[in-house]
Amino acid sequence: METKSSSIIRKPAFRIAIVAVVLIGLYAFFAGTYNRMVQLDENVQGAWGQVENQYQRRADLIPNLVNTVKGYAAHEQATLTAVIEARAKATQITVDPNHLDEAALKRFSAAQGELSSALGRLMAVSESYPELKANENFLMLQSQLEGTENRIAVERKRFNEAVQTYNLQIRRFPQAFLANMFGFREKAYFKADEQAATAPKVEF
């Protein structure tokens, strides 16, 4: 037969067990939510790194391309200079992956758009020089440039998808409270302007 004293002892123990379970559950929720937001934030930063890598790859192709064109169309100096200047401007503008806000991405996109436009004019100039169009090095650079433009488009899409997943996570209830508490802020999408969104036309 259960005594009154043993019943009194069990009640506090039961309450403590319930409190412990609740605290463990809350900890698991907070820790899991925080870690998930950290992971998604890292995914966004990684995706942005891939976007920058592809733009840098394009920038690395340009000096050789300009030198090749110059060998056949040296008097097209204005077009060549425009490409060189646009490349210099584009490579100077970088975006801190920890601050992917709309203003920073807009500046980056505008500079890359100017470079795309200058490259488009350079490709148009090449149409007037049959020997240049037949040059093996020029053809190889055209192919690499076209491939890079396609990769840029792919990485931009992946970046925006990563941003969407992250933004949804930190805006949902009740995750939004934790996001605000720990300083997780919405990130901007990469919106390429018309020049940046259109790869320079390459014809063989």
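**Helix packing and cores in a predicted model**

Colleague: Leaving aside its neighbours within four places in sequence, which residues is Leu105 in contact with?

Modeller: This is a predicted model, in which local features need pLDDT of at least 70 and side-chain atom pairs count only at pLDDT 80 or more, while totals for chains, interfaces and linings use all residues. Residues are numbered from 1 along each chain as its sequence is written, and side-chain values use heavy atoms, with hydrogens and water left out. With contact taken as heavy atoms within 4.5 Å, and with neighbours within four places in sequence set aside, Leu105 is in contact with Trp48, Val95, Leu100, Phe159, Ala188, Tyr189 and Phe190.

Colleague: Which helix gives the most residues to the largest nonpolar core?

Modeller: A nonpolar core is a set of buried Ala, Val, Leu, Ile, Met, Phe, Trp, Tyr and Cys residues joined through side-chain atoms within 4.5 Å, where buried means under 20% relative accessible area, exposed over 50% and partly exposed in between, with a 1.4 Å probe and protein chains only. The largest core has 23 residues, of which Val44, Trp48, Val95, Leu100, Leu105, Phe159 and Phe190 touch the most other members. Helices H1 (4-72), H3, H5 and H6 (175-182) each supply at least two residues of this core, helices here being DSSP runs (H or I, at least four residues; strands are E, at least two) numbered from the N terminus. With seven residues, the helix that gives the most is H1.

Colleague: Apart from that core, how many residues lie in the other one that includes Leu61?

Modeller: Leu61 is one of its members, and Met123, Leu141 and Leu145 are also among them. This other core, lying apart from the largest one, is of 22 residues.

Colleague: Is H3 roughly parallel or antiparallel to H5?

Modeller: Helices H3 (residues 102-126) and H5 (residues 136-171) pack at an angle of about 155°, with axes 13 Å apart; the axes are lines fitted to C-alpha atoms, over the stretch in contact, and angles run from 0 to 180 degrees between N-to-C directions. Angles under 35 degrees count as roughly parallel, over 145 as roughly antiparallel, 65 to 115 as roughly perpendicular and the rest as oblique. The angle therefore makes H3, relative to H5, roughly antiparallel.

Colleague: Which residues of H5 does H3 meet?

Modeller: H3 passes H5 in a left-handed crossing, a term for a near helix turned anticlockwise from the far one by less than a right angle, right-handed being clockwise. From H3, the residues taking part are Leu105, Leu119, Met123 and Ser126. Their partners in H5 are Phe138, Gln142, Leu145, Glu149 and Phe159.

Colleague: How far apart are the axes of H2 and H3?

Modeller: The crossing of H2 and H3 is left-handed. Helix H2 (residues 77-92) packs on H3 at an angle of about 155°, and the distance between their axes is 9 Å.

Colleague: Is Asn167 buried or exposed?

Modeller: Asn167 is found in helix H5 and, not counting residues up to four places away in sequence, touches Glu186, Lys187 and Tyr189. Because its relative accessibility is 4%, Asn167 counts as buried.

Colleague: Which residue does a cis peptide bond join to Phe173?

Modeller: Most peptide bonds are trans. Here, with omega at about 5°, a cis bond joins Phe173 to its partner, which has its place in the loop between H5 and H6. That partner is Pro174.
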